[in-house]
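Please load the model in your viewer and keep the selection panel at hand, since this tour moves from one selection to the next.

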Amino acid sequence: MILYNDAILERNEVAVSPEDRGYYFGDGVYEVFRLYNGRLFEPEAHKERLLRSAREIRLSLPYSADKLTRRLDDLVQASGVTEGTLYLQITRGCAPRAHGFPAECTPVLMAYCTEAARPAAGMERGITAVTVPDIRWLRCDIKSLNLLPNVLAKQEAADRGVNEVVLHRNGTVTECSASNLMIVRDGAIRTHPANNLILHGITRKVVFRLAQELALPVEEEPFSIEELLAAEEAFVTGTTVEVTPVIEVDGRRIGNGRPGPVTRLLQERFVQEIARQTGR
Ligand code: PMP
C-alpha cells in the first residue's frame, strides 16, 4: 500500500509524473521512521524534523501536521507491517523543467512501509568502515532527497569490502553515509555537534537520553580520524541500525576489535526503550 498525497492506494495504482521536481532536481525532503510491533518509534521527533527540513527548503506540506499523523497511522494499519520502516518523501511538485520555484505547484507526498528485521549481525558483531572525504553540501542538517554523495560513498565501502564509510572534512569526522558516529574516550561519549555539517539524528538524541540516565558524559565536540582510531570504542546510531558497534576503521582495530562495554550497555538500554515506546 502507498500513501499518495491524501489517498492510500495499491502499488500499481500510483503513477508518478515525469515532470516531478524530485526527478529533475532532487527538490524535496524525506524521512525514515522505524516500526516495531506495528508502532512507530519516536514519531513526533521524525515529524518535527520533516517539518523543519521542509521549512528550510521553503516547501509547504500538502496538508496539516495533524492530518499527516492520522494518514501515517492509517498507512501503518493498511500495510500490516509490524517490524520494518516507513519511508516518506515530499517533493515540490510537478512543472516543466526550470530551476526556480514554479508559480503553480502542488507538493507531492508519497509514503510506504517495508517489512525489515533488525540488523542483528551488525549489532552483535560490529561493522567495519573506511574513511572517505565528505563531499556533501553545507546543509547536511536538511534531510534532502539529494543523496548522490552518500550513494557514492556507500558504494565505495562495498567496493572496498567494508560495511560503511566514515565521512570527514579535512580530517575532522562528521558522520557516516546514513548514521551518526560516536566514540568513547576516557569513559565519555564524543560526537560531532548538531550543526549544518551533519544530520541531526533522532537515534543520536535517544542515545543522549540513555547516556544521561546512565550518568555517562556526552561531549558534542568534533574529533579527528586519529582520535577515532585511538578511541576505546566507536559506534554508529541510526533509525535502521539502532546502536551498532564499529570495530575496524581503515584496517585498524578500534579498542580491542570487539564491541565495547559502553556500546553494549547502550544497546541494552536501547532495546528497553523500544519496549517502553512500542511494547515490543
Ligand atoms: N546521518 C545521515 C546522513 C543519515 O542519513 C541518517 C539516517 N537518517 C542519520 C545520520 C541518522 O539519523 P536517524 O537517527 O534520525 O535515523
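## Starting at the end of helix 8

Begin by selecting Gly279, the residue that follows helix 8 and has a positive phi, near 75°. Keep in mind throughout that what you have open is a predicted model.

From there, extend the selection back over residues 261-278, which make up helix 8. Across its 18 residues, helix 8 reaches 26 Å from its first C-alpha to its last, close to the 26 Å expected at 1.5 Å a residue.

Which residues of helix 8 are buried? Show the side chains of Val262, Thr263 and Leu266, which are the buried residues of helix 8. They lie on the same side of helix 8 because they cover an arc of only 90° around the axis. Now turn the view to the face of helix 8 that points away from this buried side, where you will find the exposed residues Pro261, Gln272 and Ala275.

To see what the buried residues of helix 8 pack against, add strand 10 (180-185), helix 6 (202-213), strand 14 (233-238) and strand 15 (242-249) to the display.

## The shell around the ligand

Keep helix 6 and strand 14 on screen and select the ligand next. Of the 13 residues around the ligand, those that come nearest are Leu199, Gly201, Ile202, Thr203 and Thr239. Helix 6 and strand 14 are the elements that give two or more residues to this shell, and the largest share, 3 residues, comes from helix 6. If you colour the shell around the ligand by residue class, it divides into 4 nonpolar, 7 polar and 2 charged residues.

## Where the two domains meet

Finally, zoom out and colour the protein chain by its domain assignment, which gives domain 1 as residues 2-115 and domain 2 as residues 120-278. The C-alpha centres of domain 1 and domain 2 lie 26 Å apart, and 22 residues of domain 1 are in contact with 14 residues of domain 2.

Which elements supply at least two residues each to the side of domain 1 that touches domain 2? Select strand 3 (28-36), strand 4 (39-41), helix 2 (43-56) and strand 5 (84-91), each of which does so. Strand 3 deserves a selection of its own, as the largest share of that side of domain 1, 8 residues, comes from strand 3. Coloured by class, the side of domain 1 that touches domain 2 shows 8 nonpolar, 8 polar and 6 charged residues.

Key. Residues numbered from 1 in each chain as written. Predicted model: local features only at pLDDT ≥ 70, side-chain atom pairs only at ≥ 80, totals over all residues. Domains from an automatic or database assignment. Contact = placed C-beta atoms within 7 Å. Helix = DSSP H or I, 4+ residues; strand = E, 2+ residues; numbered from the N terminus. Nonpolar A, V, L, I, M, F, W, Y, C, P; charged D, E, K, R; others polar. Expected span 1.5 Å × (residues − 1). Buried ≥ 20, exposed ≤ 12 C-beta atoms within 10 Å, placed from the backbone. Arc of directions from axis to C-beta. Near = placed C-beta within 6 Å.
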